Amino acid sequence: MNTFQQGIEATIPALRRYARALTRNAETADDLVQDTLVRALRSEHLFHGGELRSWLYTILTNLNRNRLRALARRPTVLAIDDYDSAGAFGPETGGRDIERALAGLVEEQRSTLLLVVLEGLSYREVADVQGVPIGTVMSRLARARAQIKAYLDGERPALRRVK
Amino acid sequence: MIETPVTEDELHAYIDGELPADRLAAVEAWLGGHPEDAAKVAHWRTQAEQIRARYGAVAKEDVPAQLRLDRLLRRKRSWIGIAAAATIAAFMVGGVAGWMARGASAAAPSPIELLTEDALAAHRLYVVEVRHPVEVPGAERPHLTQWLSKRIGYDLAPPELDAIGLKLVGGRLLPGPAGAAAFYMYERASGERFTLYCSRTKAAATAMRFSAPGRNAALTWVDHGVAYVIAGPSERDELTRVAKAAYEQIDADKAEKKSGT
């Protein structure tokens with residue numbers, strides 16, 4: 001294995017962590033990591049030095065965006081139970097809580113927040129991964145945190161507030 | 001002492017360790033005097049801790065076999081083998097970029113994969129039709145061309161494949177993953193049917209790709225923002241011959257239009 005490949009291998013645990021939080025599904029997450037690794041291995045010639053870790057996060061983030069777009073085009077049938085647990089009940093205690101709060105975020109905000117707080121990337125690195133200016137990273141982060149706070153404080157989405 | 005107002009961005013930077021050192025004292029003083037901001041910052045910190053508590057351990061799990069790099073390296077080689085076999089030199093419409101974009105398989109079907117899937121589904125559905133395989137019969141070629149070109153937003157005459165023994169049965173309009181699709185059906189005297197599916201796409205130009213998920217197979221390529229899928233019985237040489245004939249005609253039609261004759 002060359003240095004490039006060793007560098008990739010060392011990042012796999014972190015990529016799995018990020019993908020798991022991003023998709024909240026172990027199987028989907030590992031598929032996403034696998035696709036990321038395959039693409040990275042195949043694109044060695046496109047990697048011109050720099051942060052290998054950021055480059056891998058970039059590939060994974062883009063693949064996940066493609067995945068969500070493809071899903072959006074396909075009609076999905078959601079089981080009633082999933083639907084209920086996705087939002088109809090109030091916050092619970094424990095990890096499920098933060099999981100649901102994350103699920104409520106739009107993709108860009110979720111990815112921004114996770115790259116900062118879970119993966120420890122700098123604002124600059126997140127801006128590079130997402131291909132946006134730092135100002136956009138800041139506003140995504142602010143919106144993500146505000147929305148999670150609203151969720152955890154027990155505020156239901158407007159449609160569900162019945163009084 | 002005059003207090004410099006602290007912005008919300010600075011509060012985020014403060015907890016994320018991105019605050020310039022010379023603003024640290026100002027932010028801390030500000031939090032001391034603004035309990036609502038202090039509560040907000042404390043909440044953000046709790047969120048971060050919960051996220052790390054929930055997902056941090058994933059990085060400590062054993063890496064599953066499917067993600068072992070040595071295994072993936074072996075698979076990589078076999079993919080290249082498949083790619084080489086399926087890419088026909090004569091069809092290097094857009095270089096190998098198309099094949100390189102493939103492989104993002106299970107998690108993210110590419111626009112091309114979605115289109116191919118769709119075209120194969122339409123092929124399977126309609127080639128078995130005896131009485132109503134098409135909406136407009138091939139005998140009304142000018143009308144068919146005009147109607148479908150208008151609906152897919154792209155000038156396209158169904159290629160004439162009589163030279164290779166294929167008669168135009170007719171065509172129909174279909175919903176595709178990226179908008180309307182034109183669907184033409186051809187028939188051999190022996191009854192074998194081939195279909196051509198065309199739809200606009202945002203995908204970049206690609207070389208021709210072969211996929212044979214079952215009894216039927218497809219050859220897909222993208223040229224100038226339009227995806228073409230030829231589907232037929234799963235016999236690669238035969239399908240390639242049909243695709244090549246169709247490609248050449250479409251290409252010639254385009255060249256003709258461009259030169260304005």
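Which strands of chain B does helix H7 (residues 141-152) lie across, and at about what angle does H7 run to E2(B)? In this predicted model, H7 of chain B lies across E1, E2, E3 and E4, and runs at about 25 degrees to E2(B). Axes here are lines fitted to C-alpha atoms, for helices over the stretch in contact, with angles taken from 0 to 180 degrees between N-to-C directions. Contact means that the C-beta atoms of two residues, placed from the backbone, lie within 7 Å. Helices (H or I, at least four residues) and strands (E, at least two) are DSSP runs, numbered from the N terminus.

A word on conventions. Residues are numbered from 1 along each chain as its sequence is written, while chains are lettered from A and ligands numbered from 1 in the order in which they are written. Since the model is predicted, local features need pLDDT of at least 70 and side-chain atom pairs count only at pLDDT 80 or more, whereas totals for chains, interfaces and linings use all residues.

The sheet under H7 of chain B is an open one of seven strands, with antiparallel pairing and the order E1-E2-E3-E4-E7-E6-E5; two strands pair if DSSP finds at least two bridges between them. E1 (136-137) and E5 (209-211) of chain B sit at the edges with a single partner strand each, so one side of each has no neighbour in the sheet. E2 (residues 166-176) and E3 (residues 179-188) of chain B pair in the antiparallel sense over ten bridges, and Arg172(B) stands opposite Phe183(B) in E3(B). Helix H6 (residues 111-127) of chain B also lies across the sheet, over E2, E3, E4 (193-200), E5, E6 (216-223) and E7 (226-233), at about 135 degrees to E6(B).

Ser234(B) lies in the loop between E7 and helix H8 (236-259) of chain B. Ser234(B) has 16 other C-beta atoms within 10 Å, so it counts as partly exposed; 20 or more would make a residue buried and 12 or fewer exposed, with C-beta atoms placed from the backbone. Leaving out residues up to four places away in sequence, Ser234(B) touches Ala212(B), Arg215(B), Asn216(B) and Ala217(B). Ala217(B) is 17 residues from Ser234(B) in sequence, but their C-alpha atoms are 4.6 Å apart.

Chain A has eight helices and zero strands. Of its 163 residues, 37% are buried, and 67% of the chain A contacts with a separation of 6 or more join residues 24 or more positions apart. In helix H7 (residues 123-130) of chain A, the buried residues are Tyr123(A), Val126(A), Val129(A) and Gln130(A). They fall within an arc of 120 degrees seen down the axis of H7(A), so they line one face of the helix; the arc is that of the directions from the helix axis to the C-beta atoms. Gly131(A), with a positive phi near 65 degrees, follows H7(A).

Between the chains, 36 residues of chain B are in contact with 42 residues of chain A. On the chain B side, H1 (8-15), H3 (35-55) and H4 (69-86) each supply at least two residues, and H3(B) gives the most, with ten.

As for confidence, chain B averages a pLDDT (the predictor's confidence in each residue, from 0 to 100) of 83, and 84% of the residues score at least 70. Over residues 78-107 of chain B, pLDDT stays under 50. The model scores ipTM 0.84 and pTM 0.55.
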